[in-house]
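Trainee: I have a model open and would like to practise reasoning from values to terms. Could we talk it through together?

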Amino acid sequence: ALLRGVARAIEGDAEELSRLESLDTGKPLAQARADVAVAARYFDFYASAAEGLAGATLAGARGIFAYTLREPWGVTAHIIPWNYPMQISARTLAPALAAGNCCVLKPAEEAPLTALRLARLALDAGVPPGVLNVVPGHGTVAGAALAAHPGIDHLAFTGSQEVGVLVARAAAAHIVPVTLELGGKSPNVVFPDADLERATGTVVAAILQNAGQTCSAGSRLLVHRSIHDDVVQEIARRFEGVSIGRGLDDPDLGPLISEVQRTRVAALVREGAASGRLVTGGGAPAGDAYRDGFFFAPTLVDHVDPAAGIAREEVFGPVLVVSTFEDEDEAVALANGTDYGLIAAVWTRDLARAQRLVAELRVGQVFVNGYGAGGGVELPFGGQKRSGYGREKGFEALLEYSQLKSVAVNID
């Protein structure tokens, strides 16, 4: 009932939360509204899922009644990034609360406003004081203190690989389990028999969502050589028609989070363009309207060497890199050819081929003829390789935020 109350409070405050999220991150207002709606869904979903969090009766030796219990960890810590503050707060807090834990949330210093407002809404909805706590501050101070705190029983971190290693190391000092979501370099793999109109539209959306500042951004396009020219031409056409502006004006594409981030994106694009071919974009859009924000135009870099940094590193900007393949084996090798393993998408009408690739791709999620799942609240989410470990979303998150106890009762 408390979780449903939080969901209703989010819905009742949706427009103000959306405005704050857009102001804080720069994302278009429509995307902020979608994030707020998904945040409410998390609390509704886990309000229902909590009733299914049960143990099991086990077959035991004669005279032994054996069963398991699911119990909360105790105090869970949540260190979240700046790109989806509302969504990621909800996706980690809701299952942790549903499993019976008390929570301490550390929002990113760049975007703390909606996390603070969410905590106030939870209090107003009846969540007892001390159950949901927010500790703002810099990652090197507040985040580091939280990760190393001996009173924490479980920790969830979403962010970069480099910081994730530091967080896991600090938690390990107290033998604290950690769920890590550390980003991706996710490919869309497009075969000649795909619905190309649908595929190109989705590929564009998958990289421009939140200005590409998304762990699950579709930042690589692997396209069969026979359709390469047509696909690249269509994506370039769509990129050049994108509207750019401040988030509250609700354009297609908002600014990046900071000057530091824009400088990093520009450096990776310069390197990529030197080894490939810059088709469109490549820097800040021209015009007086873009001088006072950290804008970066939709950027398409073709014929990228798979070994180049721009093809292997998480750019976190509206930058799509293109490589070609000849057959399934080469497509799989390219798709698996980075340290990341978060998401992949396969575009083909041949479902037997799709299933072959699903089995071969080393990622935590695979989409076939689509990308993303409208928030994906019900769909377990997490990575392989250096994209992290553990699962968020879906019922699996309740298992992450609870621990198992086995009981054996001698009834002789």
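Mentor: Gladly, and keep in mind that this is a predicted model. Let's begin with helix α1, residues 2-12, whose buried residues are Leu3, Val6, Ala7 and Ile10.

Trainee: What puts the buried residues of α1 on the same side of the helix?

Mentor: They cover an arc of only 100° around the axis, and therefore they share one side of α1. The general background is that an α-helix has 3.6 residues a turn, so residues three or four places apart point the same way.

Trainee: Which helices do the buried residues of α1 pack against?

Mentor: Their partners are α2 (14-25), α3 (29-49), α4 (85-98) and α5 (113-124).

Trainee: Staying with α5, which holds Thr114, why is Thr114 called buried?

Mentor: Set the value against the cut-off: buried means under 20% relative accessible area. Thr114 has 1%, so Thr114 is buried.

Trainee: Which residues does Thr114 touch, not counting residues up to four places away in sequence?

Mentor: Thr114 touches Leu17, Leu20, Glu21, Asp24, Pro85 and Met86. For each of these to count as a contact, heavy atoms must lie within 4.5 Å.

Trainee: On to the nonpolar cores. What makes a set of residues a nonpolar core?

Mentor: The members must be buried, belong to the listed nonpolar types, and be joined through side-chain atoms within 4.5 Å. The largest such core has 47 residues, and those that touch the most other members are Leu221, Ile235, Phe239, Leu300, Ile310 and Leu320. Elements giving two or more residues to this core include β9 (220-224), α9 (228-240), β11 (299-302) and β12 (319-325). The largest share, six residues, comes from α8.

Trainee: What does Phe239 touch, not counting residues up to four places away in sequence?

Mentor: Phe239 touches Val204, Ile207, Leu208, Thr280, Pro298, Thr299, Leu300 and Leu320. Apart from this core lies another, of 42 residues, among them Val38, Ile88, Leu93 and Leu398. As a general point, nonpolar side chains tend to be buried together in soluble globular proteins.

Trainee: Now the empty spaces. What makes one a cavity and another a pocket?

Mentor: In a cavity, a 1.4 Å probe fits but cannot get out, whereas a pocket is an open set. The structure holds four cavities of 30 Å³ or more, and the largest cavity has a volume of about 60 Å³. Of its 13 lining residues, Gly212, Ala217, Ser219, Val315 and Phe316 are the closest to its centre. Its lining divides into six nonpolar, five polar and two charged residues.

Trainee: Why does Gly212 count as polar there, and Ala217 as nonpolar?

Mentor: The classes settle that: Ala is listed as nonpolar, while Gly is among the polar types, so each residue follows its type.

Trainee: And which residues lie closest to the centre of the largest pocket?

Mentor: That pocket has a volume of about 1100 Å³. Of its 41 lining residues, Trp82, Phe157, Gly159, Ser160 and Val163 are the closest to its centre. Helix α7 gives the most to this lining, with six residues. By class, the lining has 18 nonpolar, 12 polar and 11 charged residues.

Trainee: How many residues line the second largest pocket?

Mentor: The second largest pocket is lined by 28 residues, with Gln209, Ser216, Gly372, Ala373 and Gly375 nearest its centre. Helix α3 gives the most to this lining, with four residues.

Notes
Residues are numbered from 1 along each chain as its sequence is written. This is a predicted model: local features need pLDDT of at least 70, side-chain atom pairs count only at pLDDT 80 or more; totals for chains, interfaces and linings use all residues. Side-chain values use heavy atoms; hydrogens and water are left out. Buried means under 20% relative accessible area, exposed over 50%, partly exposed in between (1.4 Å probe, protein chains only). The arc is that of the directions from the helix axis to the C-beta atoms. On a 1 Å grid over the protein atoms alone, a cavity is a set of points where a 1.4 Å probe fits but cannot get out, and a pocket is an open set with protein on both sides within 12 Å along at least five of seven lines; lining residues have an atom within 4 Å of a point. Grid points are joined across faces, edges and corners, and a volume is the space filled by probe spheres set on the points.
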